[in-house]
Amino acid sequence: MATNLNSLASAFRTISSSTGVVLLGAAFLQAAGLQSLTPVSSHDPSYQELLGRYCATCHNEQLRTGGLVLSTLDVGKAGQEPEVWEKVVKKLRTGAMPPEGMPRPDESTYDAFAGYLEAQLDRAAAAHPNPGRPVLQRLNRVEYTNAVRDLLAVDIDGETLLPADDSRHGFDNIGDVLTVSPALLERYLSAARKITRLAIGESDVAPAVETYTVPKYYQQEDRMNEDLPFGSRGGIAVRHHFPLAGEYVVKVRLQRNSRDYIRGLFEPHQLDVRLDGDRLQLFTIGGENHGRSAPIFSNNAMGDREQDIYERTADDILEVRFHTEAGPQLVGVNFLKETSMPEGRLRTRMSKYDIHNFKGGEPGVAGVSIGGPYDAQGMGETPSRRTIFVCRPATVQDEEPCAREVLSRLARRAYRRPVTDKDIRTLLDFYQSRRSQGFEAGIGAGLERILVGPEFLYRVEKDPANVAPDTAYPISDLELASRLSFFIWSSLPDDQLLDLAERGRLTEPEVLEKEVRRLLNDRRSRALVSNFAAQWLQLRSLRAINPDQDVFPYFDENLREAFRQETELFFESLLREDRSILELLSADYTFLNERLARHYGIPDVYGSHFRRVELKGEERRGLLGKGSILAVTSYANRTSPVLRGKWVLENILGTPPPPPPPDIPSLVETSEDGKALSMRQAMEQHRANPVCASCHNVMDPLGFAMENFDGVGSWRTRDAGDSIDSSGVLPDGTSFHGPAELQQVLLEGKREEFVATATERLLTYALGRGVEAYDAPAVRSIIREAAASDYRWSSLLLGIVKSTPFQMRRSREP
C-alpha cells in the first residue's frame, strides 16, 4: 500500500499539456457573436489627431505618465496592441481620462473614439482569438467538499479536513495560487482515509464523543433554524453521522454566565431532544428552590450552598440514551417556546456584557455531545454504501469483477471522463493491497487512491496531439462539462452531463443551453450564491467583523447571521427568478426576520424565519442598503467613507483605486479643543493633504452618500452631535445626496460600468484566472448579447458559457 501511495508523486508530475493545431471555423466565430462586426479602416486621421491633442500631452516618450506612451502609436493599428489600447478604452469608458481639469473632447466625439477602438480590438480578436491558457487547476476546499458529497453521498466538514485556500482576483478558485505543498498532500491523504471510513464504515469503531457548540453570544429567543420544529426556541440542529447501528448518548449542556451559573433557572422550562424529527425525550429543567439564590447579576456574593450547586449542575440530568441505525441523521435540541409571551412583543436586547454576567432570563443551549456507538450491531445500509456498492460478490470468484465495476463507476465520476484500462489496473492494485482484510477493505483502498489521485484533485485539460504550439483551439466536450459544472455547481459533472459529453453532444448549441438551464435549476447552483456572490460582495468577511461593544452594544451573533442570510437570500432570489442584474442596485424588496427588521426600523415583521418584505423607502434598496455590506466596510468603532467608497469603486464600477502611499497620517477624530469631529469633518482635514486628495476625491463622495448608516448598518441622522451631511460630488461634477440618489447615479450614469464589472467578476470565477486585456472583446460580446434581455442573469451566464475564453484554450508555447 505504501509503495502504491508513493507512486502518486510521479502521477502528479506527469500531468501536463500536449500540443497540436486546430483551425477556428466560421461557425465558432458566429457562436461567439463576433462575425457581425463592421469592418473598420486601418487609418483614421481625425482620431490620430484626437489622440495627439488630448492624450499625448502626458502619455509621451518624455513624461511616460502612468508608464503609458501613446504619442508613437498608430490609432489605425489598435488591434495589433490590445494590451495598450484596452487600457485606453477602459479609461475612456469610465470617463477617467483626460483627468479632471484637462481639456477633453465633446461627449459624442469621446464616445465615437471609444467605439472606434473597441470595433478594431473586437475584430482583431475575432480573427485571431486568444482564449488564454488556464494553468493546471486544483480543486479548492469548497469544490473538494462538494465533489465528495456528489461522488459518495456523504457530507464532510471540509474546514476541519483541509486548510483554507489562498485567494487572488477576489476568489479562492484561481488556478495559479492553488498549489500543492507536501504538507497539503499529507492533509489530502489523511482526509481520504477519514472520508473512506465515513463512506464505507468500519465494523470495529470504538466509542467516541463529538461535541457541537452554539456561539456564546447567540441569543436564543426564537426558533433557531428550519431544521428545528415550529414552536421551538433556541437550541441547535446537527446532522451527525452514526458510524454503526447501536446505542448512543446525547448530552446537552446549557449556557452559563461568567461564574458558571446556568442562566434562566428561576422558572421551569421544557427541553426537547429529537432524532430525525422523532422525540427522544422531553426534559423539564428549572424552577427548583433549594434556598437563597445569588444575585441575578453575578458578583462575588453567593447564595445558599444547595441552591448554588443546583444552579451550576442542573443540566447534569440532560442526557438520553437511545438506539439507532447507521448513517447521517438529524439531532435536534431546543426549548419549547413559552406561549405566555404575546406574539410580536419586542424583547429587551442584552449586550455582551449583560450576557457575560447575567444569570436570569431564559436558558439557552451551549452545546450537544453525541457519544457512541455502544453495543454496536453492524453497519447496515447508508446512502453512501448504497452509492458505492453497486454490486455484491456472492462468491470469491465474483469479487474482482465486482471490484472492477465498483471502482470503474466511482473513477468515471471522480475523474470526469471515461476510465482507461490503466486507470482500472492502478485501482485494482490498491484493491489487492488490502483485499486480505476483506472485500470492503479492498474497495476502501481503491477509494482512497481515487480521492488523493491527481485525476480527482486537479481539473486536467490536455492539448490534442494535432494542435500546433501557441494556437487557440476548442476544448473537448468532457473538458467543457467540467468547466460548466464547476462554474455553476462548484462540483463534479453529474451522469447526464458526462453522458452528453461522451457522446460529443454537449457542444451542440441547443443542447448546451438546455444543460446550462438545467444546472441553474438544480439546488446545487446555490454555489453561485455561497461561493461566487459571497466572495464578490465580501460576505465572507462578516465572520471577522468585531464591532466595539461600547459603541454598538446590541450587535450580536444573531445580527451577524441575519446580515449574511439577508444578502444571500436576496442574491438567490434574483438568480432564481432570472431578474436583471441591475436589480442588485435597485430592487425594492429584501428578506428579513424580526431581529433584522427591528435593526432596520421596519415594523410588523415577527419571528426568526426570513420572508420577503417590500421596502417602502428607497434608502434600503439594493446592495447599498444591506447591513452586510455596510458592516464589512466599517471599522470596529466607526463608519469609513473610504472603505465604503473603495468597495463601490472595486465591486460596482470596476475601477479600484491605487494602493495607498506609505506613511499615511492617521485620521484625526477630535478637534484641537478635544471635541469629537464628525466623519465628514475628519475626512476634510485628511483630504487637505495633497498626497491623499487625489484618491479621496473619488472615493469619499461615494462613501459619504452612505454616512446615514452607522458602523453596523443602522440608520441615523446625527454624528458627533451634528446633522449628517450625506451629499457628494464626483470629479466629473455629478452630485447626489444620500444612498437613494447614489443608486440613481449608478443606475443611470454608470450602468454599463456596473454590468461590465459584474461580467468580469463572473468570467474570473468561471475561468479560475484573472481577466486579461485579450478577454475584453469577449466581455463586450457577452454584454451586447445580454442587453436585449435587460441583462438578465441567464443571459449573462449563458454568454459566459458560450464565450471564447470559456470554450477555447491556447496550446503551450514552443
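1. A crossing of two helices is called right-handed if the near helix is turned clockwise from the far one by less than a right angle, and left-handed if the turn is anticlockwise. In this predicted model, the crossing of helix 7 and helix 9 is right-handed.

2. The contact behind this crossing involves Tyr144, Val148 and Leu152 on the helix 7 side. Helix 9 contributes Tyr188, Ala191, Ala192, Ile195 and Ala199. By residue class, the contact between helix 7 and helix 9 has eight nonpolar members, no polar and no charged ones.

3. As to geometry, helix 7 covers residues 141-152 and helix 9 covers residues 182-200. Their axes lie 12 Å apart and make an angle of about 30°. Helix 7 therefore counts as roughly parallel to helix 9, because angles under 35 degrees fall in that class.

4. Turning to internal space, the model holds four cavities of 30 Å³ or more. The largest cavity encloses about 80 Å³. Its lining consists of 10 residues, of which Ala125, Tyr774, Pro777, Ala778 and Thr804 are the closest to the centre.

5. Which helices each supply at least two residues of the lining of the largest cavity? They are helix 30 (776-787) and helix 32 (804-807).

6. The lining of the largest cavity is made up of seven nonpolar residues, two polar residues and one charged residue. The contact of helix 7 with helix 9, for its part, has no polar and no charged residues.

Technical notes. Residues numbered from 1 in each chain as written. Predicted model: local features only at pLDDT ≥ 70, side-chain atom pairs only at ≥ 80, totals over all residues. Heavy atoms only, no water. 1 Å grid on protein atoms, 1.4 Å probe; cavity = no way out; pocket = protein on both sides within 12 Å on 5 of 7 lines; lining within 4 Å. Points joined across faces, edges and corners; volume = space filled by probe spheres on them. Helix = DSSP H or I, 4+ residues; strand = E, 2+ residues; numbered from the N terminus. Nonpolar A, V, L, I, M, F, W, Y, C, P; charged D, E, K, R; others polar. Axes fitted to C-alpha atoms, helices over the stretch in contact; angles between N-to-C directions. Parallel < 35°, antiparallel > 145°, perpendicular 65-115°, else oblique. Contact = heavy atoms within 4.5 Å.
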